[in-house]
Amino acid sequence: MSTPAPHPPHRPARPRKPRDEPGVERGYGRFPRGLALRLFVYVVAGHLLAGFLFLLFEVGGGK
């Protein structure tokens, strides 16, 4: 018969940071995190799409 392994000493859990509520400003007039991230992604994707279309017109419009 084997003896059970001793349990590690109990550590108190770290307190969690409160999560931002959806659609609520984070203070000092800052955007909600999800909105700021989405806006950044849309701006980058929009510029990449515009650059690709510009490249297509430049290559296709050769004289």
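User: Hi! How many helices and strands does the chain have?
Analyst: One helix and zero strands, counted as DSSP runs (H or I of at least four residues for helices, E of at least two for strands) numbered from the N terminus. This is a predicted model, where local features need pLDDT of at least 70, side-chain atom pairs count only at pLDDT 80 or more, and totals for chains, interfaces and linings use all residues. Residues are numbered from 1 along each chain as its sequence is written, and side-chain values use heavy atoms, leaving out hydrogens and water.

User: Thanks! Which residues does UniProt list as "transmembrane region"?
Analyst: The unreviewed entry gives residues 35-57; such annotations may be inferred rather than shown by experiment.

User: And what is the helix content of residues 35-57?
Analyst: That span is 100% helix, and its end C-alpha atoms lie 33 Å apart.

User: Switching topic, is Y42 buried or exposed?
Analyst: Y42 is exposed, because its relative accessible area is 57% and exposed means over 50% (buried is under 20%, partly exposed in between; 1.4 Å probe, protein chains only). Y42 sits in helix 1, residues 33-60.

User: How much of the chain is buried?
Analyst: Just 2% of the 63 residues.
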